[in-house]
Amino acid sequence: MISRETHASTAEVAADAMFDTVSLRPDEQKYLQDHTLKKPLKVQQIWALGVGVVITGAFFGWNQGLAEGGPVGMLLASLFVCALYMMWVLALSELSVAMPFAGGPLAYGRRAIGPTFGFVMGWSMFLEALFATIGTAIATGGYISFVIGLVFENVSQNKEIQSLITLSAGLATVAIFGFIQWTGSKRQAQFMDYMTYGAIIALVWFWIACIPAVQLDRILTTPLLTHGWSGVLKAIPFAIWWLVMIETVALAPEEAHEPHRTIPRGLTLAQMTLIVLVILTWFFASAAGNDYKQTGAQEMYFPLPFVYGQVWGKDSFHLILFSIVAIFGMTASYNGMIYAVSRQSFSLGRAGYLPRILGHVHPIRRTPDVSIIFWSLVVAGFVIYGYFNADAVTIAVLTCNLTALIWYALAMVCLFVLRWRAPEMSRPYKVPLYPFLPALVLLMSLFAAVVYGWLNEAIVLWLTLGMYGV
């Protein structure tokens, strides 16, 4: 017997895979039933996925914006990004709930304009998720290497050993969380809950530990904007890393229970939580650190333990404990990011845009097993590449952020087109302040993307263009 829920999911998959439901043969119906996912996720799991996939941004990546704009410049860039993302999640919720498919942007673009536009949107989010996953995997390895160096002094003094530990830890991260994802969406959601709570505890621990060293004059520099307004603009691409990938939740509706309720609530609660984490982490890292330029150095992938060590000394035993707990922040985000990569690949494969084998679903666990395994191997390859290229993390972070901005803008185009072309479309949730709010998201996303030309990050621009060319 096939459950009513399975019939509903099959109808959704038919639309997602561009099948004509009227003329489906029995074997095609069997294909759709074999390519649906379980629906165990509720508000708490959606919140944990939204916070967890993003929270690594508080632990590394954003800090390089301090060198570009100074503390106040970085704050202004962060507030710009917080406003963009708050509006973005409200607008995204309308699309996500109206078309609750694992493909997310693929479904939006195809329904609004056509198959080609759908592919461009799906490919954009896929690239965003892939490069976020790559950067986080390499940075997690570096973070673990740093923690081991705190315990064993001979490790911290030998760069070759540090590099090997970074490589090994990065590959271990890929293997462990690839296996967790393979075991099932409910299991990975449980892990996501635990790791997200651990990451938040680590941030609160950091804030409290920094209180004795807070000095406001470290923030209120002279001049206040150390590199003027151009510094604020150049800090924006790094500030985006605070919150990029929260749209992973857009890939979850097919696995969410009552998505019209769980997605908007979970996504909005996640964004509000993250804004608090962003502001407080910026404040304590800037006000307690001895020099924002050191905290914002390009090679600084562990800014919070670095500042912590300046406050309490590098030999303090609780710095080691904090750094161990902080690993939750890195791994929580990696888990959410590989979830996004595999689900987007799964959807593109299921719809025929990528090889259909990538749309395969494990017959028992109902997870996109081939996509999980294949892209975990690809990420592992980039981790090995990072062993030979010290700039790999920065390149991955900036490429992720640029492709994100592209699909944010395209998603708002879809929202406007669907409101115009399909006014009868079921919309259990509607974005507030329409059309002003989505219009602001569109303009702010385009503005932030233009800043990349200002940064003159040629390798990021060419890499992004090349990946679209593929």
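**Exercise 1. Decide whether E94 is buried or exposed in this predicted model.**

Solution.
- Step 1. Take the value: E94 has a relative accessibility of 3%.
- Step 2. Take the cut-off: buried means under 20% relative accessible area.
- Step 3. Conclude: at 3%, E94 counts as buried.

**Exercise 2. Find the salt-bridge partners of E94, and say which parts of the chain each pair ties together.**

Solution.
- Step 1. Recall the principle. Side chains of opposite charge can pair when their charged atoms come close.
- Step 2. Set the limit. A side-chain nitrogen of Lys or Arg must lie within 4 Å of a carboxyl oxygen of Asp or Glu.
- Step 3. Test R419. Its side chain meets that of E94 at 2.9 Å, N to O, in a salt bridge.
- Step 4. Place this pair. E94 lies in helix α4 (residues 64-98) and R419 in helix α16 (residues 392-421), so the bridge ties together parts that are 325 residues apart in sequence.
- Step 5. Test R427. The closest N and O atoms of R427 and E94 are 3.4 Å apart, and the two residues form a salt bridge.
- Step 6. Place this pair too. R427 lies in the loop between α16 and α17 (436-455), while E94 is in helix α4, so parts 333 residues apart in sequence are tied together.
- Step 7. Join the results. Through shared partners, E94, R419 and R427 form one network.
- Step 8. Check the total: the structure holds two salt bridges.

**Exercise 3. Are the arginine partners R419 and R427 buried or exposed?**

Solution.
- Step 1. R419 is buried, as is E94.
- Step 2. R427 has a relative accessible area of 13%. The cut-off for buried is under 20%, so R427 is buried as well.

**Exercise 4. Describe how helix α6 packs against helix α18.**

Solution.
- Step 1. Locate the helices. α6 covers residues 115-151, and α18 covers residues 458-469.
- Step 2. Read the geometry. The angle is about 130°, and the axes are 11 Å apart.
- Step 3. Classify the angle. Over 145 degrees counts as roughly antiparallel, and 65 to 115 as roughly perpendicular. The two helices are therefore oblique to each other.
- Step 4. Give the hand: α6 passes α18 in a right-handed crossing.
- Step 5. List the contact. α6 supplies V120, W123, S124, L127 and F131; α18 supplies L463, M467 and Y468.
- Step 6. Sort these residues. Seven are nonpolar, one is polar and none is charged.

**Exercise 5. Where are the cis peptide bonds T222 to P223 and Y434 to P435 placed?**

Solution.
- Step 1. Recall the background. Most peptide bonds are trans.
- Step 2. Take T222 to P223. This bond is cis, with omega near 0°. P223 sits in the loop between α9 (185-210) and α10 (228-239).
- Step 3. Take Y434 to P435. A cis bond joins them, with omega about 5°. P435 sits in the loop between α16 and α17.

**Exercise 6. Compare the surroundings of M245 and L433: which is buried and which is exposed?**

Solution.
- Step 1. Start with the backbone. Most residues other than glycine have a negative phi. M245 is not a glycine, yet its phi is positive, about 90°. L433 also has a positive phi, near 55°.
- Step 2. Place the residues. M245 is in the loop between α10 and α11 (259-288). L433 is in the loop between α16 and α17.
- Step 3. Apply accessibility. M245 is at 0% and counts as buried. L433 is at 64% and counts as exposed.

Technical notes
Residues are numbered from 1 along each chain as its sequence is written. This is a predicted model: local features need pLDDT of at least 70, side-chain atom pairs count only at pLDDT 80 or more; totals for chains, interfaces and linings use all residues. Side-chain values use heavy atoms; hydrogens and water are left out. Axes are lines fitted to C-alpha atoms, for helices over the stretch in contact, and angles run from 0 to 180 degrees between N-to-C directions. Helices (H or I, at least four residues) and strands (E, at least two) are DSSP runs, numbered from the N terminus. Angles under 35 degrees count as roughly parallel, over 145 as roughly antiparallel, 65 to 115 as roughly perpendicular and the rest as oblique. A crossing is left-handed if the near helix is turned anticlockwise from the far one by less than a right angle, and right-handed if clockwise. Contact means heavy atoms within 4.5 Å. Ala, Val, Leu, Ile, Met, Phe, Trp, Tyr, Cys and Pro count as nonpolar, Asp, Glu, Lys and Arg as charged, and the others, Gly among them, as polar. Buried means under 20% relative accessible area, exposed over 50%, partly exposed in between (1.4 Å probe, protein chains only).
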